[in-house]
Amino acid sequence: MRSARITYFDSYRASASADSDKRVLSNLRRFMEDLDRETGRPERAWKTLASQDSPQQENWWDCGVFMLMTCRWRAYGLPFSFDQDDMDDFRRRILADIIDFSGPPPLLARAKRGRDEPEHGLLDEPSPRRRR
């Protein structure tokens with residue numbers, strides 16, 4: 001049986017406890033096991049971990065920005081080096097990413113179509129960007 005891991009990052013631990021972390025991880029593990037079963041994927045042994053090194057927000061409205069930046073840092077394999085003071089710059093970076101987005105990379109589009117998904121235009125290679 002292959003193993004897989006779920007890592008839970010919580011940027012707002014003000015009200016969190018070990019019990020709530022366990023509950024969240026248990027629900028996530030059950031969801032992934034159900035998804036594997038429903039999609040016919042081979043069974044995996046899901047390991048769970050509640051990360052203790054997640055950068056912490058100091059308010060209740062920056063959770064989405066923290067979530068996106070945590071994903072980006074993890075995707076690049078970088079150690080966390082940001083905090084609350086970086087949020088305004090990150091908001092501008094997220095806006096620039098949204099404005100510049102031209103669709104999924106061509107290899108991703110071809111890979112997704114290779115799984116017998118219907119061609120509906122959403123995964124096609126993007127057309128050249130229009131200039132203003």
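Here are four short exercises on the structure above, each with a worked solution.

The model is predicted, so a pLDDT of at least 70 is needed for local features and 80 or more for side-chain atom pairs, while totals for chains, interfaces and linings use all residues. Numbering starts from 1 along each chain as its sequence is written, and side-chain values use heavy atoms, with hydrogens and water left out.

**Exercise 1. Work out where Q84 sits and what its side chain reaches.**

Step 1: place the residue. Q84 is in the loop between α2 (63–75) and α3 (87–100). Helices here are DSSP runs of H or I with at least four residues, strands are E runs of at least two, and both are numbered from the N terminus.

Step 2: check the accessibility. Buried means under 20% relative accessible area, exposed means over 50%, and partly exposed is in between (1.4 Å probe, protein chains only). Q84 comes out at 13%, so this residue is buried.

Step 3: list the neighbours. With contact taken as heavy atoms within 4.5 Å, and leaving out residues up to four places away in sequence, Q84 touches Q56, Q57, E58, N59, D62 and F66.

Step 4: look at the side chain. It gets to the backbone nitrogen of E58 at 2.5 Å.

**Exercise 2. Follow the aromatic pairs around F82.**

Step 1: set the rule. Rings of Phe, Tyr and Trp (its six-membered ring) pair if their centres lie within 6.5 Å; planes under 30 degrees apart are stacked, over 60 edge-to-face, and the rest tilted.

Step 2: run the search. Over the whole structure, seven aromatic pairs turn up. Take W73 and F82: with ring centres 4.9 Å apart and planes at 65°, the pair is edge-to-face. Both W73 and F82 are buried.

Step 3: go on to F90. F82 and F90 also pair edge-to-face, at 5.4 Å centre to centre and 75° between the planes. F90 is buried too, like F82.

Step 4: join things up. Ring pairs link F9, F66, W73, F80, F82 and F90 into a cluster.

**Exercise 3. Sort out the salt bridges of R41 and of helix α3.**

Step 1: set the rule. A salt bridge needs a side-chain nitrogen of Lys or Arg within 4 Å of a carboxyl oxygen of Asp or Glu. That rule gives seven of them.

Step 2: start with R41. Its side chain meets that of D36 at 3.8 Å, N to O. R41 is partly exposed at 42%, whereas D36 is buried at 3%. D36, R41 and R44 are linked in a network of salt bridges.

Step 3: move to α3. D89 and R92 bridge at 2.6 Å, N to O; they are three residues apart in this helix, so about one helical turn separates them. D89 is partly exposed at 47%, and R92 is exposed at 54%.

Step 4: try D97 and R93. Their side chains bridge at 2.7 Å, N to O, and the two residues are four apart in α3, about one turn. Both D97, at 27%, and R93, at 38%, are partly exposed.

**Exercise 4. Find out what R2 packs against.**

Step 1: place R2. This residue belongs to strand β1 (residues 2–8) and is exposed, with 56% relative accessible area.

Step 2: list its contacts. Not counting residues up to four places away in sequence, R2 touches E43, R44 and A45.

Step 3: compare sequence and space. R2 and R44 are 42 residues apart in sequence, but 4.9 Å apart C-alpha to C-alpha.

How values were computed
Polar contact = N/O pair within 3.5 Å; in protein donor to acceptor, adjacent residues only side chain to side chain.
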